[in-house]
Amino acid sequence: MTTSSDAEAAVAAVEHVADRIEAEKSHLTDLDSAIGDADHGANLHRGFQAAVEKVQGLDDPDVQEVVKTVGVTLVSEVGGAAGPLYGGSIMSASTEFADGLDAETSVAFAEAYLEKLQDRGDARVGDKTMVDAVTPAVHTYKKSVEQDDLPPVAALAKAVDAARRGVEFTVPLRASKGRASYLGWRSVGHQDPGATSTLMILEELLAAAEERTDADTEVDAASPTIPDEDPEAAEEAD
Amino acid sequence: MVGLLVVSHSADAAQGIRDIAAEMGGADAEIVPVGGDPDGGIGTSVPAIQEALDGMNSDEVVILVDLGSAVMNAEMAVETAEKEVVIADAPVLEGTLNAAVEAANPKGTLESVRDSAEEARDVSKL
């Protein structure tokens, strides 16, 4: 695997995410208007549009630079709490990709991301925040790769399922962090917007990874050996 | 001299708090307001806070914040700041008032200004 193909995979994943956030802008804002300040969709959209432009404009980057650029751009452009939470965590975890993108570095990235996120937001599982989606996703991904020996794309698919259950888990909770916490019991019965956008992002990382796997498989269809690097496109920013 | 940076979700609110505190703290205290998201709407943004911090004359700054994301964005700005900056855990208006009085005191220090701001947590209104 060449470095530039890692970076290419990362850029493709960012494009996927930006398109999805654009399509879901109103949905996210609706969720946020129920228990927050109704800006989550607009904020993330602004951030990911800027991030796509930035990473597309990079001159021969490696994967770490692509991921770091996404983080820095989100911090600058998103505003609100989602800026430091998403952007700050991505920025700080991006160092895990110093040696390129593979199963091991993607697990390290995921764990570093979760740790920074919990630290920055001072939130734990059950607080009705994005941590409720990220935590099961990261733990599932790590276990699937390290214990169950699944290829990264299959592990990411499991992580997406775990995040989806995490999002559902936020509905009955009473928020104890963020703007929703001011609502007290009125926050119960609403799905957390941050957990939802996290799930959307993971779904798009998976879609990008699957596309890449398919493409690699086609290219190598005539080859007698099955490439072992193809699933690794998945994990640049999970 | 210790400066104060007031970070609110609303640029107007930050300005208003600054105006009230300036009256109390006298003309000597440097009090800078910053607020609004990158589009100029309600919110807070790291670059705006960084810019405000950089533009201050004071080498030591106490930041007063309103709601959650103001705290997070201020924390990120502090991490890259080239001056000594602390965030006060205080109600933003009352904290800024208290801090302005202490900041105008020639003997005020970064710690004493932050402590003054945080004393406002215990002030009862009724």
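**Figure 1. Lys177(A), a partly exposed residue at 27% relative accessibility, and its salt-bridge partner Asp122(A).** Partly exposed lies between two limits: buried means under 20% relative accessible area and exposed over 50%, using a 1.4 Å probe and protein chains only. This is a predicted model, in which local features need pLDDT of at least 70 and side-chain atom pairs count only at pLDDT 80 or more, while totals for chains, interfaces and linings use all residues; side-chain values use heavy atoms, with hydrogens and water left out. For finding your way around, residues are numbered from 1 along each chain as its sequence is written, and chains are lettered from A and ligands numbered from 1 in the order in which they are written. The partner, Asp122(A), is partly exposed as well, with a relative accessible area of 49%. In the salt bridge between Lys177(A) and Asp122(A), the closest N and O atoms are 3.5 Å apart. This pair links distant parts of the chain, 55 residues apart: Lys177(A) sits in the loop between H8 and H9 of chain A, and Asp122(A) in the loop between H6 and H7. The cut-off used here is a side-chain nitrogen of Lys or Arg within 4 Å of a carboxyl oxygen of Asp or Glu. Helices (H or I, at least four residues) and strands (E, at least two) are DSSP runs, numbered from the N terminus.

**Figure 2. Ser187(A), in the loop between helix H8 (152-170) and helix H9 (193-219) of chain A.** Ser187(A) shares this loop placement with Lys177(A), but Ser187(A) is buried, with a relative accessible area of 0%. Setting aside residues up to four places away in sequence, Ser187(A) touches Ile35(A), Lys128(A), Val171(A), Leu173(A), Arg174(A), Ala175(A) and Ala180(A). Contact here means heavy atoms within 4.5 Å.

**Figure 3. Asn43(A), a residue of helix H3 of chain A that reaches a residue of chain B.** Asn43(A) counts as buried, at 4% relative accessibility. Beyond its neighbours within four places in sequence, Asn43(A) is in contact with Val78(A), Gly79(A) and Gly80(A), and with Asp37(B) from the other chain. If you would like a distance to check, the C-alpha atoms of Asn43(A) and Leu28(A) are 9.9 Å apart, with their positions 15 residues apart in sequence.

**Figure 4. The salt bridge between Arg46(A) and Asp39(B).** The N to O distance between these side chains is 2.7 Å. Arg46(A) lies in helix H3 of chain A and Asp39(B) in the loop between strand E2 (31-35) and H2 of chain B, so the pair joins two chains. Arg46(A) counts as buried at 13% relative accessibility, whereas Asp39(B) counts as exposed at 59%.

**Figure 5. The contact between chain B and chain A, with 15 residues from chain B and 18 residues from chain A.** About 1,200 Å² is buried between the two chains, 58% of it from carbon and sulfur atoms. That value is the accessible area (1.4 Å probe) that two parts lose on being put together, summed over both. The two chains share 3 salt bridges. One more pair to look for is Glu75(B) with Arg120(A), whose closest N and O atoms are 3.8 Å apart. On the side of chain B that touches chain A, helix H2 (46-54) and helix H3 (68-80) of chain B each supply at least two residues. The largest share of that side, 6 residues, comes from H3(B).

**Figure 6. The largest nonpolar core, a set of 60 residues.** A core of this kind is a set of buried Ala, Val, Leu, Ile, Met, Phe, Trp, Tyr and Cys residues joined through side-chain atoms within 4.5 Å. The members that touch the most others are Leu44(A), Phe48(A), Val70(A), Tyr86(A), Tyr113(A), Tyr141(A) and Leu156(A). Elements that give two or more residues to this core include helix H1 (3-23), helix H3 (40-56), helix H6 (103-121) and helix H7 (131-146) of chain A. H9(A) provides the largest share of this core, 9 residues. Another core, of 21 residues, lies apart from it, with Leu4(B), Val6(B), Ala21(B) and Ala88(B) among them.

**Figure 7. The salt bridge between Asp89(B) and Arg121(B).** The side chains of this pair meet at 3.1 Å, N to O. The pair links distant parts of the chain, 32 residues apart: Asp89(B) is in the loop between strand E4 (84-87) and helix H4 (92-103) of chain B, and Arg121(B) in the segment after helix H5 (110-119). Asp89(B) counts as partly exposed at 48% relative accessibility, and Arg121(B) is partly exposed at 47%.
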